[in-house]
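The exercises below are to be worked with the sequence and the structure open. Each task is followed by a solution in steps.

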Amino acid sequence: MKLLRSCMAAVWLVLLVPVAAMADNRPEFRIGTVNSVTGGASAIAAGAVSAIDLLEQKLAADDSLPFKVRFIKYDDGSDPAKAINAVRKLAQEDKVHIVICCTTTPSSMAVNKIVEEEKIPNISLAAAASVIEPASERRFTFKTPITDRLMLDFTLDDMVRKGYRRVAFMGLDDSYGEGGWVEFNALAKKKGIEVVAAERFSRGDTNFTPQALRVARHKPDAVYFHAIPPSAALAHETLKRVGYSGPIYHGGGAPTPAFLSVGKRAVEGAIVGTAALTVHKQLPDAHPLKKAVSDFVKIYDGHYGEGKADMFAAQAYDAVMIPVRAWSKVPAATRGGDLVQARAALRDAIENTRDYHGVIGIFNFSPEDHLGLDSRSTFLVTVKDGRFVLLER
Amino acid sequence: MDLQTALFLLADGLTNGAVYALVGVSLVLIYTTTRVVNIAQGEYVTFGALTLASFIEGAIAPVVWVVGIGGAVSLALDVRQAILNRRSVVRPVAQYAAIGAVLAALTLAAWHTRSLALQMLAALALVSALGPIVYRLTVEPKPGSSTVVLVIIGVGVSMIMHPMALLLWGPDPRSVPAISDGRLPLGPMDIAYQSLFVMAVSILATLALFAFFRFTLLGKALRAASVNREGAQYCGIPVVLAGRLSFFLAAALSAASGLLLAPLVTAHYEMGFVVGLKGFVGAAMGGLVNYPLSVAGVVTLGALESFASFLSSSYRDALVFALVIPIMLWRNRHAQEDLDEH
């Protein structure tokens with residue numbers, strides 16, 4: 001009986017779906033996504049995958065748009081070669097209007113050429129600024145994640161303001177740490193900060209004492225960490241243990257619950273660079289980002305559970321919403337017309353995005369700037385009583 | 001470098017050495033009894049630490065499902081073997097049922113208790129049980145394979161276990177409370193009691209294993225099983241059981257290393273692999289056959305790593321792994337003596 005009933009239900013579904021599809025005769029807006037669902041970067045992609053799934057449901061239910069949004073989703077397995085194939089397939093076979101690719105910097109760099117050849121707009125979810133630079137050669141690539149450069153610029157300005165002149169760097173010895181070090185070194189020189197030590201450690205390290213001792217010996221005015229928990233918190237703890245008592249700064253990889261739960265009392269007083277998402281509850285109501293971030297957290301946490309919203313999800317959310325918004329600005333005739341022209345028009349519309357209040361920040365794209373964020377989207381927080389507290393500007 | 005700095009480096013280097021030592025002796029243990037160079041040994045460190053972290057959070061460690069499913073498959077294989085050999089199937093079924101009951105009881109107890117000791121015991125038992133399961137599923141079907149095949153099996157197991165830890169526990173690090181939070185003050189510096197625990201367990205485990213293989217009949221039988229498989233079998237040594245036993249003990253030692261390391265660096269899915277590799281480099285000094293030499297090797301390596309990171313943190317791993325070359329050259333000169341060793 002039960003079997004019969006489920007069979008009937010299945011038949012109904014099969015009958016109903018085409019009817020529903022037929023009723024909706026709005027033209028399609030096809031978004032192709034390539035995420036590292038599997039492989040080494042899967043932990044980073046998890047948030048983005050969830051956000052895109054959520055938006056797929058949300059946009060399907062949205063009747064107010066003059067088009068319906070269809071997602072075509074591929075996995076690059078954290079492999080740049082597979083990302084290239086996926087983007088090519090999306091552009092040529094699936095005939096998407098825009099791609100959102102990719103999770104990692106290497107994959108995003110690899111697909112740059114295809115994106116330019118196919119003249120299809122792409123929004124990357126990778127961290128490094130090199131993905132979109134120079135903007136004159138990466139005409140079709142945009143990105144939403146805050147770059148290390150933007151965050152470091154803001155953090156180093158704070159050091160200058162407080163009069164810290166001799167600063168030490170401690171970072172991971174992988175591509176994340178290396179990217180941070182290159183930006184840190186260049187910006188520090190520009191701002192007249194002397195880098196007195198640069199030490200590296202790795203994610204799996206069990207002992208941070210040597211590096212901490214070496215940094216402490218130089219007696220820097222401040223120490224900057226470019227790492228992610230647990231090593232960020234553990235190295236911080238060790239630095240205090242060997243007798244360093246000055247201010248300690250952290251980069252954008254640190255502000256996660258894990259940083260607090262691993263570091264406990266040792267990370268009290270740490271100054272951490274972050275985006276609005278971490279401290280959205282503490283922002284004044286008048287703050288331009290307050291509403292966008294709170295709305296996102298409400299929808300996302302409502303779907304996946306309390307406290308699940310993270311930076312990776314927020315980046316992907318903006319990466320979908322910006323083109324959806326831009327597409328509605330493209331004239332309907334162009335949208336329904338030739339695919340090449342439609343893609344070009346979409347690219348122009350994205351580049352013309354002004355003052356878009358996303359979850360990550362306020363986007364102002366331009367022909368020179370395909371990140372479009374400024375220091376209004378960066379914040380410094382400090383750890384107080386086991387939570388992140390917004391520092392006054 | 002002043003004296004205080006040097007002492008700090010030495011103390012933390014020795015703690016690290018002790019952590020590597022437990023993995024190092026597990027490698028020696030497996031190699032001397034089965035001829036497998038077990039690349040995957042570091043993953044048991046990860047599994048041990050994360051299992052304990054799950055119990056502390058009041059959850060059932062997801063490793064239970066791995067042990068359950070792996071155990072069931074092993075049982076099915078053993079039953080099939082028994083039927084093919086026209087033996088009674090009651091014996092394997094009874095054995096697996098007994099082990100399963102013990103593990104289930106321990107898991108349930110650890111789930112409901114707040115006692116750290118019981119939780120550690122349960123984590124240790126569960127992860128140790130993975131050892132023989134891995135052996136049953138990967139090495140046992142290939143009796144008498146060449147070392148290269150066995151190494152590749154180890155690589156394969158490592159490539160499965162590493163992402164499995166990510167799948168089961170996710171990427172977030174979990175903090176694990178130390179057995180004792182205190183620190184022993186030593187003049188200008190201090191040593192965490194946890195570090196002393198690690199060192200004590202390493203030394204005890206090494207001495208126990210050394211004595212077991214040198215002086216007891218069972219230990220000698222295990223070694224015989226690896227030197228000449230068939231000969232040992234003719235003498236009535238159950239070779240298959242010897243392999244399972246050594247994988248069990250090795251998994252237990254590595255998991256213990258994970259349990260003790262977790263409070264110092266938190267439990268996360270990436271923690272074990274590098275520990276495993278460094279344990280291997282140290283154990284290479286003892287040619288993977290000599291317990292005291294291997295332990296001396298890993299402890300030296302820990303201290304050297306500490307000083308190398310102080311001198312140049314970017315090149316410390318290069319320095320540590322480059323150690324393999326002089327060790328190999330030195331081993332080569334002494335190869336003849338070691339052949340007599342086992």
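**Exercise 1. A strand pair in chain A**

Which residue of β7(A) is the bridge partner of Phe169(A)? Describe the pairing and the surroundings of the strand as well.

Solution. The model is a predicted one.

Step 1. Strand β6 of chain A covers residues 166–172, and strand β7 of chain A covers residues 194–201. The two pair in the parallel sense, over 7 bridges.

Step 2. Within this pairing, Phe169(A) has Ala198(A) as its bridge partner in β7(A).

Step 3. Of the 7 residues of β6(A), 6 are buried, so the strand is largely enclosed by the rest of the structure.

**Exercise 2. A second parallel pair**

Find the strand joined to β1(A) and the residue that stands opposite Asn35(A).

Solution.

Step 1. β1(A) spans residues 28–35 and is mostly covered, with 6 of its 8 residues buried.

Step 2. Strand β2 of chain A (residues 68–75) runs parallel to β1(A), and 8 bridges join them.

Step 3. Opposite Asn35(A), in β2(A), stands Asp75(A).

**Exercise 3. The faces of a helix**

Where do the buried residues of α10(A) fall when seen down the helix axis?

Solution.

Step 1. α10(A) consists of 15 residues, 290–304. From first C-alpha to last it reaches 21 Å, close to the expected 21 Å.

Step 2. Take the buried residues, for which the cut-off is 20 or more other C-beta atoms within 10 Å. In α10(A) they are Ala292(A), Val293(A), Phe296(A), Val297(A) and Tyr300(A).

Step 3. Seen down the axis of α10(A), these buried residues fall within an arc of 125°, so they line one face of the helix.

Step 4. Exposed on the other side of α10(A) are Asp295(A), Lys298(A) and Gly302(A).

Step 5. The buried residues of α10(A) pack against α2 (42–60), α11 (311–329) and β11 (356–357) of chain A.

Step 6. Gly305(A), just after α10(A), takes a positive phi of about 115°.

**Exercise 4. A helix and its cover**

Which elements of chain A are included in what covers the buried residues of α6(A)?

Solution.

Step 1. α6(A) comprises the 16 residues 175–190 and reaches 23 Å from its first C-alpha to its last, where 22 Å is expected.

Step 2. The buried residues of α6(A) are Tyr176(A), Gly177(A), Gly179(A), Gly180(A), Trp181(A), Glu183(A) and Phe184(A).

Step 3. Their cover includes α5 (148–162), β6, β7 and β8 (222–226) of chain A. The strands β6(A) and β7(A) are the pair from the opening exercise, joined in the parallel sense.

Step 4. Gly192(A) follows α6(A) and has a positive phi, near 75°.

**Exercise 5. Backbone angles in the loops**

Locate Pro134(A), Pro230(A), Lys119(A) and Lys219(A), and state what is notable in the backbone at each.

Solution.

Step 1. The bond between Glu133(A) and Pro134(A) is a cis peptide bond with omega of about -10°. Pro134(A) sits in the loop between β4 (122–124) and β5 (141–143) of chain A.

Step 2. From Pro229(A) to Pro230(A) the peptide bond is also cis, with omega near 5°. The loop that holds Pro230(A) runs between β8 and α8 (231–241) of chain A.

Step 3. Lys119(A) is not a glycine, yet its phi is positive, about 55°. This residue is in the loop between α4 (105–118) and β4 of chain A. Lys119(A) has 15 C-beta neighbours inside 10 Å and therefore counts as partly exposed.

Step 4. Lys219(A), likewise not a glycine, has a positive phi of about 45°. The loop in question lies between α7 (209–217) and β8 of chain A. With 12 other C-beta atoms within 10 Å, Lys219(A) is exposed.

**Exercise 6. The contact between the chains**

How many residues does each chain give to the contact, and which helix of chain B supplies the largest share of its side?

Solution.

Step 1. Chain B gives 26 residues to the contact and chain A gives 21 residues.

Step 2. On the side of chain B that touches chain A, α1 (3–34), α10 (239–265), α11 (271–285) and α12 (291–311) of chain B each supply at least two residues.

Step 3. α1(B) contributes the largest share of that side, 6 residues.

Step 4. By residue type, the side of chain B that touches chain A has 14 nonpolar, 9 polar and 3 charged residues.

Conventions
Residues numbered from 1 in each chain as written. Chains lettered and ligands numbered in written order. Predicted model: local features only at pLDDT ≥ 70, side-chain atom pairs only at ≥ 80, totals over all residues. Contact = placed C-beta atoms within 7 Å. Helix = DSSP H or I, 4+ residues; strand = E, 2+ residues; numbered from the N terminus. Nonpolar A, V, L, I, M, F, W, Y, C, P; charged D, E, K, R; others polar. Expected span 1.5 Å × (residues − 1). Arc of directions from axis to C-beta. Pairing = 2+ DSSP bridges.
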